[in-house]
Amino acid sequence: MEEDKGALVQSLIEMVNEIASISDYRCTVKKQYCNLARRLKLLTPMFEEIRDLKEAVLPEDTVKALVSFREALESAKELLRFGSESSKIYLVLEREQTMNKFHEVTARLEQTLSGISYEELDISDEVKEQVELVLAQFRRAKGRVDLPDVELYEDLSYLYNRNDAATNPAVFRRLVEKLQLAGIGELTQESLALHEMVSSSGGDPGASIEKMSMLLKKIKDFVQTENPNMDAPATEKSVVATSSRQASTDKNRKAPVIPDDFRCPISLELMKDPVIVSTGQTYERSCIEKWLEQGHGTCPKTQQTLSSTSLTPNYVLRSLIAQWCEANGIEVPKRPNRPNKTASACSPAERTKIENLLHKLTSANPEDQRSAAGEIRLLAKRNADNRVAIAEAGAIPLLVGLLSTPDSRTQEHAVTALLNLSICEDNKGSIISCGAVPGIVHVLKHGGMEARENAAATLFSLSVVDENKVRIGASGAIPPLVTLLSEGTQRGKKDAATALFNLCIYQGNKGKAVRAGVVSTLMELLTETGGGMVDEALAILAILASHPEGKAAIGAAEAVPVLVEVIGTGSPRNRENAAAVLVHLCSGDPQHLVDAQELGVMGSLLDLAQNGTDRGKRKAAQLLERMNRFIEQQAQAEAEDETETEVEVEAVIEPRPLAQSETQQPQPLPTVNANDS
């Protein structure tokens, strides 16, 4: 029990220290959140004295009370972190919801702290008095309601609800000053905070967050127009320097407004190194790399799951940006130098904490292993520096060893920690070289549902590297991925689908997927109620259709009616993929052309050829060409058949006279003519 007592109290001390390290609360909640953090820090001496008590065993009621307080402290930590990292605009517009959460957490802290019988413990009077003071402050805080900044709320609401551009500049100036959004760094931080909220909403942020993003863009445009010499990144400083001569001759001339298409959707800045992600959206390389390093697997703008984390330079857009800069007398932005190797910026204290966790991973105590794996999982999720430091400390082989543990919770923590570590490109090779793939496949087959989901996501992350696609496919991963695609939760199905899509980019894995029965599962997903997996199912079918076994399986599954329906009524991307599948099917069996034509696909193809995506237009044109050619061939064949029939009839009728018995038979041609008349 001594170990349990020590671990419990130490976790409370560490949690309070983490809260103490949170700083720079948003200005709109700074007073309340700073007070809460300060009160919690005053409890550290009590926990330290409890830890150092000579009694080996704490009363059972005290242990339960400390566990309850730890849960409340975890909620407080998340609340304070939200107050430090969240959107300033959101905190103002959603102040009521935010403060309700604040009072709820405060009440829970007061209730659970009251449950700790510290009077019965051998702790000093000074510490007891300090705890009493904190409790009294919590009780007063429960009933206190600080008056909000009404003018700030009204100004934001005014802008939030206006769609036109004509707005009083005084409103913008007040907002910029009160929200502290006068510099590029502050504006970028606010933009990232809004994108983070979109991601944490599961891809469905609602109209409010989207309107907040548009509101931020208005503020950004105002700041850049009013103050072109503001604290800007190197690119924009060069813009200012280049245009200083023109500005000196015409002081009233304002800096040119950057076209929206040239701005990064994350930072709202002019892009220097635009890159394309797998959804087709373009971002500034450094911004999207930071987004991916934070553990996101979705496109920030569309919230679609990224089928790959690879980034493709957008040379066309870069050229257009250069032309625009030259036309406006602005220096063309230069691409930043990119470092070859990621280095961790963790402090010595953080590294010591990681080393202690690794020591617990090697413990013979299953509870130590479980708690350490869980903490490493959370640390690896938090930021890129942690991911590098954890790998450098030697955690990867230890986590790989835990993939086969009989403890399901430890197994889940281990595979999820590897998933979070794999976000760092340098860690992917280390995970593979430590022999992690068989263990991940083991979890995929036999783990709990959340562990299976995260195992699938880990395989997707690792398969971004082309040579890993071969190794993962050969490891037997594809059949359990197909099983998860069929029977998993909605999240599990999406994780399995993204992994299968990436693996099937390699030709050798397509046959494995088909033989594992993926086509029948994909067809079920295409036709299920709700249609939540239509995008993923069509994307995988479009890849498999290029493989002979895939083409045959899709044709045998009677997919043509479903494909025709999607081409007519689906989203632009789904229409494109459905047409791509149909192109492959029709190239192997003309009967599919006949079936599609009979189902009325021609009108949908004509519309797709005019209004679809670029690839959709090409696929529609190919199908229309094949259908027209097939119709011409049919007409030509029918004409040839009619000609041959006429020749045969003439050869039968003219050369020989009819016999008596034949003259008694009905004559076909006159009969037809008589009927026609």
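The following dialogue explains how several terms apply to this predicted model.

User: What should be known about the model before its values are read?

Analyst: The model is predicted, so local features need pLDDT of at least 70 and side-chain atom pairs count only at pLDDT 80 or more, while totals for chains, interfaces and linings use all residues. Residues are numbered from 1 along each chain as its sequence is written, and side-chain values use heavy atoms, with hydrogens and water left out.

User: Why is phenylalanine 47 called buried?

Analyst: Buried means under 20% relative accessible area, exposed means over 50%, and partly exposed lies in between, with a 1.4 Å probe and protein chains only. Phenylalanine 47 has a relative accessible area of 1%, so it is buried. Phenylalanine 69, at 0%, is therefore buried as well. In the chain, buried residues make up 46% of the 677 residues.

User: What makes phenylalanine 47 and phenylalanine 69 a tilted aromatic pair?

Analyst: Rings of Phe, Tyr and Trp (its six-membered ring) pair if their centres lie within 6.5 Å; planes under 30 degrees apart count as stacked, over 60 as edge-to-face, and the rest as tilted. Here the centres are 5.9 Å apart and the planes meet at 45°, so by these limits the pair is tilted.

User: Which parts of the chain does this pair tie together?

Analyst: Phenylalanine 47 lies in helix α3 (residues 44-51) and phenylalanine 69 in helix α4 (residues 60-85), so the pair links parts that are 22 residues apart in sequence. Helices (H or I, at least four residues) and strands (E, at least two) are DSSP runs, numbered from the N terminus. The chain has 36 helices and three strands.

User: How is it known which kind of pair tyrosine 25 and tyrosine 33 form?

Analyst: A search of the whole structure finds four aromatic pairs. In the one formed by tyrosine 25 and tyrosine 33, the centres are 6.0 Å apart and the planes stand at 70°; the pair is therefore edge-to-face. Both tyrosine 25 and tyrosine 33 are buried. Tyr25, Tyr33 and Phe102 form one aromatic cluster.

User: What makes a set of residues a nonpolar core?

Analyst: A nonpolar core is a set of buried Ala, Val, Leu, Ile, Met, Phe, Trp, Tyr and Cys residues joined through side-chain atoms within 4.5 Å. The largest has 97 residues, and Leu399, Leu481, Leu485, Val518, Leu522 and Leu544 touch the most other members. Helix α28 (residues 534-544) supplies the largest share of this core, nine residues. A second, separate core of 67 residues includes Ile22, Tyr33, Phe172 and Ile209.
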